[in-house]
Amino acid sequence: MTGRRVGGAPLALLAPAALGVAFLVGPLVALLAQAPWSTLPRRLVAAETLVPLWLSLQTATVATALCLLLGVPLAWTLARVEFPGRRLVRALVTVPLVLPPVVGGVALLLVFGRRGVVGQWLESLAGITIAFTPTAVVLAETFVALPFLVLAVEGALRAADPRFEEAAATLGANRWTAFRRVTLPLIAPGVAAGAALAWARALGEFGATITFAGSFPGRTLTMPLAVYLAMEQDLDAALTLSLVLLIVSLVILVALRGRWLGRA
Amino acid sequence: MLAASSLTEVFDQIGADFAAENQSYAVRFAYAGSSVLAAQARNGAPADVIALASAASLAPILDETTPESRGVTFARNQLVIAVPEGNPARVTRLADLGRPGTRVALCAEQVPCGALAVRALAAGRVIVRPVTLEQDVKAALSKVAFGEADAALVYRTDAAAAADRVDAVEFAEASDAVTDYPIAVLRGAPHAAGARVFVDFVLSESGRQRLRAAGFGLP
């Protein structure tokens with residue numbers, strides 16, 4: 001690390017940088033200042049807090065696993081395989097990043113809803129309906145989180161030296177073995193960073209969930225939905241829920257950073 | 001002019017009528033949920049008139065309104081059962097919502113349409129196990145419009161506005177759960193005279209016609 005001291009940095013950059021930090025941190029400080037500290041312990045252990053929190057942690061984790069399962073192979077394909085239309089596929093994969101999540105939720109309904117292309121078929125053949133179940137929450141979260149993981153992993157793959165894979169190939173490893181034994185360990189920090197981003201995005205998901213999954217305590221009412229609902233009546237409850245969400249995501253992201261992302 | 005979101009369509013029409021008749025006044029509307037509007041009025045929003053979706057939401061800000069205009073009810077709303085076109089689950093009365101296998105969307109109890117639904121269901125002694133408790137009436141309605149839910153309890157006016165996508169089933173117990181819409185001139189109104197003219201216009205036959213056409217009940 002050879003970071004320069006502040007003295008050398010021009011004010012034209014430092015001033016907006018400081019303003020940026022204040023803009024991001026200020027609202028969080030206000031949240032802390034307004035939190036109902038006196039009733040906080042009682043509110044924290046109430047079912048209104050714990051039930052959505054547990055659901056959110058479960059669904060975000062399953063969604064992240066799903067993102068890894070689909071996203072790492074997708075990122076590898078985009079980074080390593082030459083095929084016509086690759087740039088188009090990459091652009092399409094990142095669309096959920098700019099799509100309003102509510103629109104994403106409607107699109108999911110059109111596919112997995114009871115009248116959707118896949119949903120109709122699932123209901124008539126297997127008797128499975130997805131809407132209003134935790135599965136719907138997981139799908140909504142995966143839809144919005146997957147692009148984060150793909151972009152992070154693809155970036156790591158492009159930064160990794162392809163000569164290691166080539167060396168493995170000359171030593172007789174096929175591409176699958178080379179991927180497992182050489183590439184994956186090489187990009188592990190990138191995968192972990194992508195997974196952490198995806199998990200955080202899934203945890204905060206609101207628009208697609210409320211559109212596609214509905215909101216019922218213990219089944220589809222996740223933390224962000226609970227915050228929004230609580231604001232209708234009880235601002236203190238909403239602040240408590242927000243605080244919990246903030247702390248949980250900070251703790252997990254910091255822990256991950258210490259453990260796996262030391263170099264990132 | 002601060003107005004509850006369920007008044008959006010009808011107040012836009014009434015506003016246009018008013019502008020056509022009274023060239024000297026200009027009306028501008030800000031629509032939002034009633035609790036949000038009440039908070040805005042309490043914090044001194046520079047508005048002249050406030051119209052809310054329930055008497056309960058006006059109660060905490062009565063002191064912010066002028067005494068002579070305090071809480072005049074200008075419209076009433078009640079619930080209907082919204083069903084997808086063709087009514088696939090064949091819902092014809094409130095008790096059908098309690099049938100096992102009927103997927104019902106309700107508003108959460110924290111929002112006015114949910115509180116009203118609880119009252120209607122209690123009046124009909126119907127026990128419903130909803131699949132979802134939505135955050136507002138439009139969200140509940142959209143679950144029916146997409147066919148995900150078989151039925152939802154929504155305001156009659158919302159069902160009327162979405163008539164091309166959902167059918168409305170009236171039910172007897174709805175009369176036990178009616179919400180009153182109060183209108184009032186705010187005490188700090190920058191244009192108090194114009195505000196009174198507009199309130200009178202809403203209460204006039206012309207305003208009542210528009211409200212009736214939108215599915216509102218009249219006092």
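Glu48(A) counts as partly exposed because 17 C-beta neighbours lie inside 10 Å of this residue, whereas a buried residue would need 20 or more. The model in which this residue is described is a predicted one. Glu48(A) belongs to helix α3 of chain A, which runs over residues 47-80. Along the chain, 145 residues part Glu48(A) from Ala193(A), and the C-alpha atoms of the two are separated by 31 Å.

## Chain A as a whole

Chain A contains 13 helices and zero strands. Its order along the sequence is accordingly written α-α-α-α-α-α-α-α-α-α-α-α-α. Taken along the principal axes, the C-alpha atoms of chain A fill a box of roughly 70 × 65 × 30 Å. The chain has 264 residues, of which 35% are buried. Among contacts in chain A with a separation of 6 or more, 76% join residues that are 24 or more positions apart.

## Helix α1 of chain A

Helix α1 of chain A covers residues 11-34 and has 24 residues. From its first C-alpha to its last, this helix reaches 33 Å, close to the 34 Å expected at 1.5 Å a residue. A kink of about 30° is nevertheless found in α1(A) at Val25(A), and the proline Pro27(A) follows shortly after. The helix is hardly covered, as the count of buried residues among its 24 residues is zero.

## Annotated segments

The UniProt record, an unreviewed entry, carries the annotation "transmembrane region" for residues 12-33, 53-76, 88-113, 125-153, 182-200 and 237-256 of chain A. The feature "domain: ABC transmembrane type-1", likewise from an unreviewed UniProt entry, is placed at residues 53-256 of chain A. The table below gives computed values for some of these stretches.

| Residues of chain A | Helix | Strand | Distance between end C-alpha atoms |
|---|---|---|---|
| 53-76 | 100% | 0% | 33 Å |
| 125-153 | 76% | 0% | 37 Å |
| 53-256 | 80% | 0% | 19 Å |

The stretch 53-76 of chain A is thus 100% helix. For the annotated domain, residues 53-256, the helix content is 80% and the end C-alpha atoms are 19 Å apart.

## The contact between the chains

Chain A and chain B meet in a contact that takes 15 residues from chain A and 14 residues from chain B. On the side of chain B that touches chain A, β6 (132-134) and α5 (137-145) of chain B each supply at least two residues. The element that gives the most to this side is β6(B), with three residues. By type, the residues on this side of chain B divide into six nonpolar, five polar and three charged.

## Nonpolar cores

The largest nonpolar core has 97 residues, and the members that touch the most others are Ala82(B), Ala152(B) and Val154(B). Helix α8 of chain A, residues 134-159, provides the largest share of this core, with 16 residues. Another core, of 34 residues, lies apart from it and includes Met1(B), Ala75(B), Ala189(B) and Leu211(B).

Leaving aside residues up to four places away in sequence, Ala82(B) touches Leu141(B), Val144(B), Ala151(B), Ala152(B), Val154(B), Ala159(B), Val166(B) and Ala168(B). Two of these partners, Ala152(B) and Val154(B), are named together with Ala82(B) as the members of the largest core that touch the most others.

Notes: Residues are numbered from 1 along each chain as its sequence is written. Chains are lettered from A and ligands numbered from 1 in the order in which they are written. This is a predicted model: local features need pLDDT of at least 70, side-chain atom pairs count only at pLDDT 80 or more; totals for chains, interfaces and linings use all residues. Two residues are in contact if their C-beta atoms, placed from the backbone, lie within 7 Å. Helices (H or I, at least four residues) and strands (E, at least two) are DSSP runs, numbered from the N terminus. Ala, Val, Leu, Ile, Met, Phe, Trp, Tyr, Cys and Pro count as nonpolar, Asp, Glu, Lys and Arg as charged, and the others, Gly among them, as polar. UniProt positions are given in the numbering used here, feature names are shortened, and annotations may be inferred rather than shown by experiment. The expected span of a helix is 1.5 Å times one less than its number of residues. The bend at a residue is the angle between axes fitted to the seven residues ending there and the seven starting there. A residue is buried if 20 or more other C-beta atoms lie within 10 Å of its own, exposed if 12 or fewer, and partly exposed in between; C-beta atoms are placed from the backbone. A nonpolar core is a set of buried Ala, Val, Leu, Ile, Met, Phe, Trp, Tyr and Cys residues joined through C-beta atoms within 7 Å.
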